[in-house]
Amino acid sequence: MKAYLISTLFLLFFCISLTPAQENITISGYVKDQNTGETLIGATIYVKELQAGTISNDYGFYSLTIPSGRYNLEYGFVGYAPHQESLDVQSNIKLNVDLKPTTIELGAVEIKGRARDHNIKSTQMSMIQMDAKTLKNLPVIFGESDLMKSIQMMPGIQTPVEGSSGFSVRGGGMDQNLILLDEATVYNPSHLMGFFSVFNSDAVKDVTLYKGDIPASAGGRLSSLLDVKMRDGNKKEFSAEGGVGIISSRLTLEAPIKKDKGSFIISGRRTYADIFLKLSPDSAINNNKLFFYDLNAKLNYEINSNNRIFLSGYFGKDKYGYADEMGMNWGNATFTARWNHLFSDQLFSNLTLLYSKYNYQVEVNSGSPSFDWTSYLENLSAKYDFSWLLTPATTVRFGGQAIRHFIQPGRFEVSNRESDYKVPDNKALEYGIYLLGEQNIGDKLKINAGLRFSAFQNMGKATAYRIDDNFQVTDTVNYGHNKIFNTHTGWEPRLSARYLLNEETSLKASYSRTYQYIQLASNSTSGTPLDIWFPASEYVQPQICDQISVGWFQNFRNNTYEASVETFYKWMENQIDFAPNANLMLNNQLEKDIRFGRGNAYGAEFLLRKNEGDLTGWIGYTWSRAFRRFPDINDGKEYRANYDIPHNLNIILNYQISKRVGVSSAWTYRTGAPITYPTMRFRHADSSLPIYGDKNSARLPDYHRLDISVTIKGKDKPDRKWQGEWHIGAYNAYNRANAYSVQFEEDPDTPNKINAYKMVMFRIVPSVTYNFKF
């Protein structure tokens, strides 16, 4: 029987509500930070008498439907003091709870502080979450906390090239990751060619990466979902925090609009390499530009106990220029408008309007004529999500989303000419509806089942090309404005289960099917700002992935230590690659250069983590393989995918020497990325031309490096609001010359001799940053 039928049967079972033996009441409300009023995601609410409970949702809301009676409730959240409530409940009540932080972390990202046994009790697997202190102390390039770099240190995440903010999840491509900021899609998560990410850690509230068991509420990518949520802002009082480093500085301001009712947060960041370039006496240097800036802003307001509104946005831009001769800029923009509404104490809804845009521009002013090259992608989206919290054992979620995609692949304008060259626009509509439920079956077994239906439609004005078996255009068909001329649909079942062996050990398994309707045209492993997105069409079929995972999860010593082993296997259909030497830029017949094939990936991920004490950290190891097979590439033979990294080891250690001083280290090792080397050369006229071997049959040298850092906090003084700390670190501390790429050149003195040259991106990079908060 097909998996979606199995999921449907489970969902029908979840939606059956049994008649209770006695009258039920509902306790509901919000769990918040006592100091700031920020809602807490994943806080636990536990009823001791029933040995049952729930957790707060993504907006801090919780709902417990239980029989009337006397109960003792315990509210908990990692990093906060537990809170007790004794209640005699005979009717529905609303109970908002403020939790008091046990410690104050400076400059850290507030990552999900779920219950310590959440990894054991939840059905969710293949998910990455990190605590705030570890993320803060993790040494990173240029001394700034970076969510993307931190995630790359976890099992199952591969980074074939140094410095990149892009990542591969379990053998998938970088464009197969859905990256959301307050639910709006971010198409390029990188600044400065990948050495910074677009996420300013001071503005981030919550980060979760789903590596395989993606919730049915999300779709559109094959491999993963990176869900980033911005902070709401301080509802109690004005506060500020920031940092000054040798490369960049940042500042965050937040304050209540009306105390305990609404707040705002504004966070900005800028690099200033261009300022130092102006100090050079060389005119070839001091006229150059190289910097980025970004801005996060969010506003929220509680209209009444049943209605809340949120407005948030992001804008970022990179600029590079060589004197007045050429320039390049690219950037992202997102906007989110959200309305939370409670229809009842058990039914929570979230209506969201979304906007996303990515664009780039290249201009060349030297020579005659000059030219200007632009491209952009934008989408508008609306989604409506519902959570029906029936009982502590049963939850049902459902909703839908509609997206309008608009892609302008490229426009080339030449000065002093009336005409320009433009690749035709791509317009499309994408839809998704879903239903998912979570149900406890006895004390040991818990099941989460979901079903998503997705659809994708191409829309005119457009020209469709008919391609023959030799990849030549045989016919063209023109479609009028807003004409729907092609439709793809797909059922996407999601199923996961957890079985408790005891209070500290569980087994989990999951299956998921995902569809992807838009993809990236790129010949680069690391990606570039000039890559373009293109949609599925009459000729391009949507990508499909089926993945199964099985895992063992164990906690030790009162949850101080946690260990896990996960295995996975992925089948991928309609994978996309490009013909050798394909021109992907300003190509109005890109379909001719597209090749289709299959892929598979499999592996095992091991994690051992220590969460408490002066010494904390983790050891993560991944063994995995990823392959592709295309009939028209590599003579039809299977070859290594660009992200086939068999061995990946990360060791992260943080040691708190005293209350004021802490040291951190991160050592990473991974197998060299696949690469295609020339195996011989032949001479033609006065040139020596390379002949390449099988695709990705060779590898770069293995990669490893050590990063270290020291954090020194200022002295604590009574009634002093200013807090500061110094962060001193070194990236690649032992100065390893890791290969970014390898180039081959003919020896000028010996014509038949070929020399290989290793390109190195970074040696040792010191950093000094001062972080502050008041």
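Rings of Phe, Tyr and Trp are taken to pair if their centres lie within 6.5 Å. In this predicted model, the count comes to 33 aromatic pairs by that rule. Y30, Y59, F61, F310 and F348 form one aromatic cluster. A charge also meets this cluster at F310: the charged end of R338 sits over the F310 ring, 5.7 Å from its centre. A similar arrangement involves R670, which lies over the face of Y703 at 3.9 Å from the ring centre.

Two further aromatic pairs were examined. Y187 and W533 have ring centres 5.4 Å apart. Their planes stand at 75°, so the pair is edge-to-face. Y187 lies in the loop between strand 13 and strand 14 (190–191), whereas W533 belongs to strand 35. The pair therefore ties together parts that are 346 residues apart in sequence. Both Y187 and W533 are buried. F453 and W491 form a tilted pair, at 4.9 Å centre to centre with 55° between the planes. This pair also links distant parts of the chain: F453 is in strand 29 and W491 in strand 32 (residues 484–502), 38 residues apart. F453 is partly exposed, with a relative accessible area of 26%. W491 is partly exposed as well, at 41%.

The largest nonpolar core holds 28 residues. Y360, A521, F534, F578, L590 and I594 touch the most other members. Several strands give two or more residues to this core, among them strand 23 (326–342), strand 24 (347–364), strand 25 (371–391) and strand 37 (561–578). Strand 34 (518–521) and strand 35 (532–535) do so too. Leaving aside residues up to four places away in sequence, I594 touches F471, F534, Y539, V540, I576, D577 and F578. A second, separate core has 26 residues, including L147, I157, M230 and I652.

Some polar and charged residues are buried too. D202 is placed in the loop between strand 15 (196–197) and strand 16 (204–210). Its relative accessible area is 2%, so D202 counts as buried. The D202 side chain makes a polar contact with the side chain of R250, at 2.7 Å.

Backbone geometry stands out at three loop sites. R170, in the loop between strand 11 (168–169) and strand 12 (177–181), has a positive phi near 50°. R170 is buried, at 2% relative accessibility. E183, in the loop between strand 12 and strand 13 (184–185), has a positive phi near 75°. E183 is buried at 13%. Neither residue is glycine. The peptide bond from G460 to K461 is cis, with omega near 15°. K461 lies in the loop between strand 29 (445–459) and strand 30 (462–467).

Conventions:
Residues numbered from 1 in each chain as written. Predicted model: local features only at pLDDT ≥ 70, side-chain atom pairs only at ≥ 80, totals over all residues. Heavy atoms only, no water. Core = buried A, V, L, I, M, F, W, Y, C linked by side-chain atoms within 4.5 Å. Buried < 20%, exposed > 50% of the residue type's maximum accessible area, 1.4 Å probe, protein only. Helix = DSSP H or I, 4+ residues; strand = E, 2+ residues; numbered from the N terminus. Contact = heavy atoms within 4.5 Å. Polar contact = N/O pair within 3.5 Å; in protein donor to acceptor, adjacent residues only side chain to side chain. Phe/Tyr/Trp six-rings, centres within 6.5 Å; stacked < 30°, edge-to-face > 60°. Lys NZ or Arg CZ within 6 Å of the ring centre and 35° of its normal.
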